[in-house]
Amino acid sequence: MAPGTEPTDSKYRGLVDDMRGGVGWRDLRTPDARRADERDVEITDVRCVVVEGNFPWNLIAVETDAGEYGLGEAFPGPASEYVAFLRPGLVGENPFDVDRLVEHMTQLLSGLGGSLGYSQAAVSGIETALIDVVGKLTGLPAYQLMGGKYRDAVRIYCDCHAGDAPDADPREIYSPESYAAVAREVVDEGFDALKFDLDVRTEAADTATRRLSNDAVEHKVEVVRAVRDAIGSSPALGFDLHWNFSVETAERIARGVEDADLAWLEDPVPPENVDAHRAVTDSTSTPILAGENITRVEGFLPFLTEQAVDVIAPDLQKAGGLFEFRKIATVADAFDVPVAPHNISSPIGTMASVHACATVPNAFALEYHAREVDWWDDLHGRDEPLIRDGEIQVPEEPGLGIDLDPDVVREHAAPGESGLGLEE
Ligand code: MG
């Protein structure tokens, strides 16, 4: 199919045509004249299926006329509609031009907040699928396409949850002992890095103020101490506050847990304000982490230039894709800031993140958020679990080096969704 001729079965074809017309001076479609024979490959379809994991996993397939397809993943859920929007703008394009297609997609979505939110999530998932298919067509693993690797395995940190009796008194559910018990289990499973939510509600309070009583702060401090005592000083330990608190309450929590030598305290204050982050960071020796809601390198820049955080957590299924992650991590490294990527995805997004983390010096741990999803490993159809001894080996197979079991995808597809069509 020639560039510019889209399938007629997209409800977005007219809109995409309009976008092309509106941005005609900067034409990012495939330049015919630059096609060498061996690169004369075209995208023939882009599909997305939403699988119901513990979050909606938007699994994406990019098909080509060269007999290979690529897989990717976008987060969060409604990104699937943005993938559908982009499809008529991608069919006929050359998948080898990954960077140009990222800008082409971002430009097509410019009226929908192109570099932000669901737009950039869809771009991220498609970008990953492009890298996967280019890897398969060239015989190179994804990490090699990104410049080679610093490590053969990527350390995985396990996101954990304590408390499993929703009708009981919150102080009993979220007791320091319950956290400590889960922490011991996770370390026994082989992880040497873990994280818990610390923003659970344990008292009647006017939550709109974002302020906590001294008692409530002390409860959080006791939880952190109990977990650290249970696992010893060696494992990397983080706690997540999910943007819930005022600067003064965040500072009291961060200072209160300094003795626990955390790897990080995550998202203590609302995500938008760089100065508020810097105030918390400057007030404590506890490292402050943020960034799972930020897209593209330009979003991270003020947090780095203002030294507002100690660790950043870009989400590769949201922030712009694997190459964009490399830009973010590279700039962070220039400011001596390490990276612990956010990841709540299926094995596809997780393995994509593993490849990218292998290619930068400063990625020290990658999140795994599906401990309670007992079919997570069934999705990739390998005999062995992906995570062993708290890490994932970087694959040497072409592309991402991971596939999907179409039966498991169909079994867990959201209502109204079918498979990815890979089995045909
Ligand atoms: Mg978080």
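Here are some numbered notes on a predicted model, meant for someone opening it for the first time.

1. Start with confidence. The chain has a mean pLDDT of 92, and 93% of its residues reach 70 or more. The weak spot to know about is residues 1–6, where the pLDDT is below 50. That stretch still has 17 contacts in the model beyond near neighbours in sequence, but I'd read those with the low pLDDT in mind.

2. Next, the metal. Which residues supply the protein donors of the magnesium ion? They are Asp 240 and Glu 292, together with Glu 266, and their side-chain oxygens (OD for the aspartate, OE for the two glutamates) lie 2.1 to 2.2 Å from the ion. Along the sequence these donor residues follow the spacing D-x25-E-x25-E. Asp 240 sits in strand β6 (residues 236–240), while Glu 292 is in the loop between β8 (288–290) and α11 (296–305), so this pair ties together parts that are 52 residues apart in sequence. Asp 240 and Glu 292 are both buried.

3. Glu 266 deserves a look of its own. You'll find this residue in strand β7, which covers residues 264–266. Is Glu 266 buried or exposed? It is buried, with a relative accessible area of 1%. Besides being a donor to the magnesium ion, Glu 266 has a side chain joined to that of Lys 195 by a polar contact of 2.9 Å. Leaving out residues up to four places away in sequence, Glu 266 touches a set of residues that includes Tyr 157, Phe 239, Leu 241, His 242 and Leu 289. The other two magnesium donors, Asp 240 and Glu 292, are also among the residues that Glu 266 touches.

4. Now helix α2, residues 79–90. Its twelve residues span 16 Å from the first C-alpha to the last, close to the 16 Å expected at 1.5 Å a residue. Why call this helix largely enclosed by the rest of the structure? Because ten of its twelve residues are buried. Among them are Tyr 82, Val 83, Phe 85 and Leu 86, along with Arg 87 and Pro 88.

5. Both sides of α2 have some backbone detail to check. Pro 76 is in the loop between β3 (69–74) and α2, and a cis peptide bond joins Phe 75 to Pro 76, with omega at about 5°. Just after the helix, Gly 92 takes a positive phi of about 95°. For background, most residues other than glycine have a negative phi, and most peptide bonds are trans.

6. Two residues that are not glycines have a positive phi too. Arg 296 has a phi of about 55°, and so does Asp 389. Their settings are worth viewing side by side. Arg 296 belongs to helix α11 and is buried, at 10% relative accessible area. Asp 389 is in the loop between β10 (366–368) and β11 (391–393) and is exposed, at 69%.

7. Helix α9 runs over residues 247–256, and its buried residues are Thr 249, Ala 250, Glu 251, Ile 253 and Ala 254. What do they pack against? The partners are two helices, α8 (214–231) and α10 (274–282), and two strands, β7 and β8. Strand β7 is also the home of Glu 266.

8. Arg 211 reaches over to this part of the model. It lies in the loop between β5 (193–197) and α8 and counts as partly exposed, at 48% relative accessibility. Setting aside neighbours within four places in sequence, Arg 211 is in contact with Ser 246, Glu 248 and Thr 249. The side chains of Arg 211 and Glu 248 are joined by a polar contact of 3.4 Å. For a sense of distance, the C-alpha atoms of Arg 211 and Ala 226 are 23 Å apart, with these positions 15 residues apart along the chain as the separation.

9. Last, the cysteines. How many disulfides does the model have? The count is zero. Take Cys 357: the nearest cysteine sulfur belongs to Cys 158 and is 16 Å away. Since a disulfide here needs sulfur atoms within 2.5 Å, Cys 357 is in none. Cys 357 also counts as buried, at 1% relative accessibility.

Conventions:
Residues numbered from 1 in each chain as written. Predicted model: local features only at pLDDT ≥ 70, side-chain atom pairs only at ≥ 80, totals over all residues. Heavy atoms only, no water. Helix = DSSP H or I, 4+ residues; strand = E, 2+ residues; numbered from the N terminus. Buried < 20%, exposed > 50% of the residue type's maximum accessible area, 1.4 Å probe, protein only. Polar contact = N/O pair within 3.5 Å; in protein donor to acceptor, adjacent residues only side chain to side chain. Contact = heavy atoms within 4.5 Å. Donors = N, O, S within 2.8 Å, 3.2 Å for Na, K, Ca; no water. pLDDT = per-residue confidence, 0-100. Expected span 1.5 Å × (residues − 1).
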